[in-house]
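Reader: I'd like to learn how to read a model like this one, feature by feature. Can you walk me through it?

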Amino acid sequence: MSSPAEFYKSLPPITKAYGTICLMTTVASHLGLYRLENIALIHELVFSEFQVWRLLTNFFFLGNFSMNFGIRLLMIARYGVQLEQGPFQRRTADFLWMMIFGAISLLALSIVPILRGAFLGISLVFMLLYIWSREFPNAQVNIYGLVALKAFYLPWAMLALDVIFGSPLVPDLMGIIAGHLYYFLTVLHPLAGGMNIISTPRLVHKLVARARLEYPTNARVPQERTTGVAFTGRSYRLNSSTGRGFSLRRFWSS
């Protein structure tokens with residue numbers, strides 16, 4: 001078993017960077033180094049006082065230290081890592097662009113009054129979960145040791161648990177919308193004969209190349225690409241996860 005330091009070092013670059021920034025943002029908030037309202041997404045301040053940093057910083061706060069916060073970090077570590085090491089293997093620029101496109105989509109959705117929120121990080125994490133569920137639709141997931149289901153249905157199962165526990169549905173719904181929009185435009189639409197209209201910009205490729213963020217790996221993930229079937233998704237083997245399944249525990253905030 002690898003040590004925590006070795007595990008952290010082995011993480012792919014984009015997932016590692018995002019998870020680390022989220023952790024440090026909560027640590028800094030806990031220590032009182034800044035006020036949350038200074039990084040929150042407040043549209044009036046963005047447009048009237050040109051505080052544009054809020055368009056970015058709001059994605060880095062996943063909540064105060066709690067079981068909910070820990071589970072969200074674990075979701076990044078599981079779903080983000082498996083995406084970056086699987087479907088996006090050797091495609092770091094494409095994975096970064098997926099995150100950027102998701103963030104832009106969530107910002108656009110947040111303009112709608114009923115969808116407004118001060119922090120969109122939870123929605124971005126849920127977007128990762130949704131895309132993971134489409135890329136690995138046949139992975140077996142066990143929820144609380146009680147219900148076993150395919151990963152394809154996991155986002156909807158979590159929404160159902162939100163209803164049961166009285167948690168807000170809007171952040172998760174926004175993540176599903178952003179995730180499906182990306183998946184439709186990059187996978188489903190091209191499979192149906194269309195073209196990928198949101199291909200990764202050259203600027204993102206240059207940024208990744210200049211920063212040397214490409215994730216080196218010798219592991220090859222077997223790919224079973226479906227063709228001609230729009231809503232089955234691309235299928236990738238999850239090493240032991242697909243065969244054995246894994247246990248998911250999620251704690252809910254009110």
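**Reading the fold, the core and the surface**

Author: Let's start with one residue: E44 is partly exposed, with a relative accessible area of 47%. Keep in mind throughout that this is a predicted model.

Reader: Fine, and which partner does E44 meet in a salt bridge?

Author: Look for a side-chain nitrogen of Lys or Arg within 4 Å of a carboxyl oxygen of Asp or Glu. Here the side chain of E44 meets that of R116, at 3.2 Å from N to O. This pair links distant parts of the chain: E44 sits in helix α3 (residues 43-48), R116 in the loop between α6 and α7, and they are 72 residues apart. R116 is partly exposed too, at 41% relative accessibility.

Reader: How many salt bridges does a search of the whole structure find?

Author: Three. One of them joins E37 and R35, with the closest N and O atoms 2.5 Å apart. R35 counts as exposed, since its relative accessibility is 55%, while E37 counts as partly exposed at 38%. There's also a bridge between the side chains of D94 and R91, 2.8 Å from N to O.

Reader: For that last pair, is D94 buried or exposed?

Author: The cut-off for buried is under 20% relative accessible area. D94 counts as buried because its relative accessibility is 16%. R91, its partner, is partly exposed at 28%.

Reader: Let me zoom out. How many helices and strands are there in the chain?

Author: Eleven helices and five strands. For a sense of how the chain folds back on itself, take the contacts with a separation of 6 or more: 70% of them are between residues 24 or more positions apart. As for burial, 47% of the 254 residues count as buried.

Reader: And how much area does the chain expose?

Author: About 13,500 Å², with carbon and sulfur atoms supplying 65% of it.

Reader: Now the interior. Which residues touch the most other members of the largest nonpolar core?

Author: The general idea is that in soluble globular proteins, nonpolar side chains tend to be buried together. In this model the largest nonpolar core has 57 residues, and Y18, M98 and W132 touch the most other members. Several elements each supply at least two residues of this core, among them α2 (13-30), α5 (67-85), α6 (92-109), β1 (140-143) and α9 (170-191). The most comes from α6, which gives eleven residues.

Reader: Let's pick M98, then. Where is its place, and what does it touch?

Author: M98 is in helix α6. At 0% relative accessibility, M98 counts as buried. Not counting residues up to four places away in sequence, M98 touches F88, M127, L128, I131 and Y182. Take L128 from that list: it is 30 residues from M98 along the chain, and their C-alpha atoms are separated by 9.3 Å.

Reader: What about M99: buried or exposed?

Author: M99 is buried, with a relative accessible area of 9%. This residue is also found in helix α6. Leaving aside neighbours within four places in sequence, M99 is in contact with I14, Y18, L124 and L128. You can also check the C-alpha atoms of M99 and V125: they are separated by 9.6 Å, with the two positions 26 residues apart along the chain.

Reader: Back to the outside. Which residues make the nonpolar surface patch of about 280 Å²?

Author: L23, M24 and F65 make that patch. F65 is found in the loop between α4 (54-57) and α5. F65 counts as partly exposed because its relative accessible area is 42%.

Reader: Last one: which residues does UniProt list for "transmembrane region"?

Author: The unreviewed UniProt entry lists residues 17-34, 55-76, 96-129, 141-161 and 173-192. The way to read such a record is to lay each span over the model and see what the chain does there. Over residues 17-34 the chain is 78% helix and 0% strand, with the end C-alpha atoms 21 Å apart. For residues 96-129 the span is 68% helix and 0% strand, and the end C-alpha atoms lie 16 Å apart.

Notes
Residues numbered from 1 in each chain as written. Predicted model: local features only at pLDDT ≥ 70, side-chain atom pairs only at ≥ 80, totals over all residues. Heavy atoms only, no water. UniProt positions renumbered as here; feature names shortened; annotations may be inferred. Helix = DSSP H or I, 4+ residues; strand = E, 2+ residues; numbered from the N terminus. Core = buried A, V, L, I, M, F, W, Y, C linked by side-chain atoms within 4.5 Å. Buried < 20%, exposed > 50% of the residue type's maximum accessible area, 1.4 Å probe, protein only. Patch = residues over 30% accessible without salt bridge, like charges linked within 9 Å, V, L, I, M, F, W, Y side chains within 5 Å. Areas by Shrake-Rupley, 256 points an atom, 1.4 Å probe, with all protein chains shown as cover. Contact = heavy atoms within 4.5 Å.
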